[in-house]
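With the model open in your viewer, please follow the stops below in order, making each selection before you read what is found there.

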Amino acid sequence: MFSFDEKFTIIAGPCAVESEEQIMKTATAVKNAGGHYLRGGAFKARTAPQSFQGLELAGIELLKKARKETGLKIVSEITSIRYVDNFERDIDIIQVGKTAMQNFDLLKELGNTNKPILLKRGVGNTIEEWLSAAEYIKQNGNENIILCERGIRTFETAYRYTLDFNAVLIAKEKTNYPVIVDPSHAAGNSKYVAGLCKAAKAIGADGIMVEVHPEPEKALCDGAQSLNLDEYNELITTL
Ligand code: PEP
Ligand code: MN
């Protein structure tokens, strides 16, 4: 079973890999601040087809380059069963996003790899459904699972999604998997991210995954919730 080396793991990086300059700048900042993993989406599962879909395999190559230069391990989201071999070969932690949490075909195929799988909770899924999705991975032999609470849809409109801290406690009680928190997608606004990160640490989550961008106002994806490099540095110091 997978476990992180650190007591509280920091995974940080842009929502999407956009260019070599963007990912290298971010990777260097993540590393220098004391982050442990670099995240970056190469295949983006966007709500609308007009939205930036990611650099795809070219994005994976840029992540590999960033890993080589900084020594940071890389986390990236898989959106299709078609790329399982690529991800198994190239990516250190394979992320399954909210929209794929119940793509059982994909989960079963990831169960045939031995890579850590970071399984996000779907926005409309119960804790039980989330843990059942993890069972699909485990059933095929891969117990290297990391659970990630990223917020669920409720009636509240003041922020993007409701970060369910109860779910972190219950997931930790019912499984032996590391459980991390993604405050960025829940908040939808960078000004709430640091507070949610501190709360995640306080309740005993095993880490956080946070979106960071050198120029959030120019980001092609999720800029409003992305920390700039100074905000990121400040957050890590506080934590
Ligand atoms: C992401 O991590 O950038 C992402 C798209 O996450 P989610 O699946 O939680 O929306
Ligand atoms: Mn994002």
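Begin by selecting threonine 113, which in this predicted model has a relative accessible area of 6% and is therefore buried, since that value falls under 20%. Colouring by secondary structure will place threonine 113 in the loop that runs between α4 (104–111) and β5 (117–120). Keep its side chain displayed and add the backbone of lysine 115, because a polar atom of the threonine 113 side chain lies 3.4 Å from the backbone nitrogen of lysine 115, within the 3.5 Å used for a polar contact.

Move next to valine 30, a residue of helix α1, which covers residues 20–33. Is valine 30 buried or exposed? Its relative accessibility is 0%, so valine 30 counts as buried.

From valine 30, draw a C-alpha to C-alpha distance to asparagine 233: the two residues are 203 apart in sequence, while the distance in space is 8.2 Å. Asparagine 233 belongs to helix α9, residues 229–238, and with a relative accessible area of 33% asparagine 233 is partly exposed, because this value lies between the 20% and 50% limits. A second distance from asparagine 233, this time to serine 190, gives 14 Å between the C-alpha atoms, for a separation of 43 residues in sequence.

The last stop is ligand 1, and the space that ligand 1 takes up is the largest pocket. Which residues should be shown around ligand 1? Select Cys15, Arg39, Lys44, Glu77, Gln95, Gly97, Lys98, Lys120, Arg150, His185 and Glu211, which together surround ligand 1. If you colour this shell by residue class, it divides into seven charged residues, three polar residues and one nonpolar residue.

Within that shell, three polar approaches to the ligand deserve a distance label each:

- Lysine 98 offers a polar backbone atom, 2.8 Å from an oxygen atom of ligand 1.
- Histidine 185 has a polar side-chain atom that lies 3.1 Å from an oxygen atom of ligand 1.
- Glutamate 211 places an N or O atom of its side chain 3.3 Å from an oxygen atom of ligand 1.

Finally, switch on a surface for the protein while keeping ligand 1 in view: on its own, ligand 1 has 290 Å² of accessible area, and the protein covers 95% of this.

How values were computed:
Residues are numbered from 1 along each chain as its sequence is written. Chains are lettered from A and ligands numbered from 1 in the order in which they are written. This is a predicted model: local features need pLDDT of at least 70, side-chain atom pairs count only at pLDDT 80 or more; totals for chains, interfaces and linings use all residues. Side-chain values use heavy atoms; hydrogens and water are left out. A residue is near a molecule or strand if one of its heavy atoms lies within 4 Å of it. A polar contact is a pair of N or O atoms within 3.5 Å; within protein, one must be able to donate a hydrogen and the other to accept it, and residues adjacent in sequence count only if both atoms are side-chain atoms. Accessible areas come from the Shrake-Rupley method with a 1.4 Å probe; for residues, only the protein chains shown count as cover. On a 1 Å grid over the protein atoms alone, a cavity is a set of points where a 1.4 Å probe fits but cannot get out, and a pocket is an open set with protein on both sides within 12 Å along at least five of seven lines; lining residues have an atom within 4 Å of a point. A molecule sits in a cavity or pocket if more than half of its atoms lie within 2 Å of its grid points. Ala, Val, Leu, Ile, Met, Phe, Trp, Tyr, Cys and Pro count as nonpolar, Asp, Glu, Lys and Arg as charged, and the others, Gly among them, as polar. Helices (H or I, at least four residues) and strands (E, at least two) are DSSP runs, numbered from the N terminus. Buried means under 20% relative accessible area, exposed over 50%, partly exposed in between (1.4 Å probe, protein chains only).
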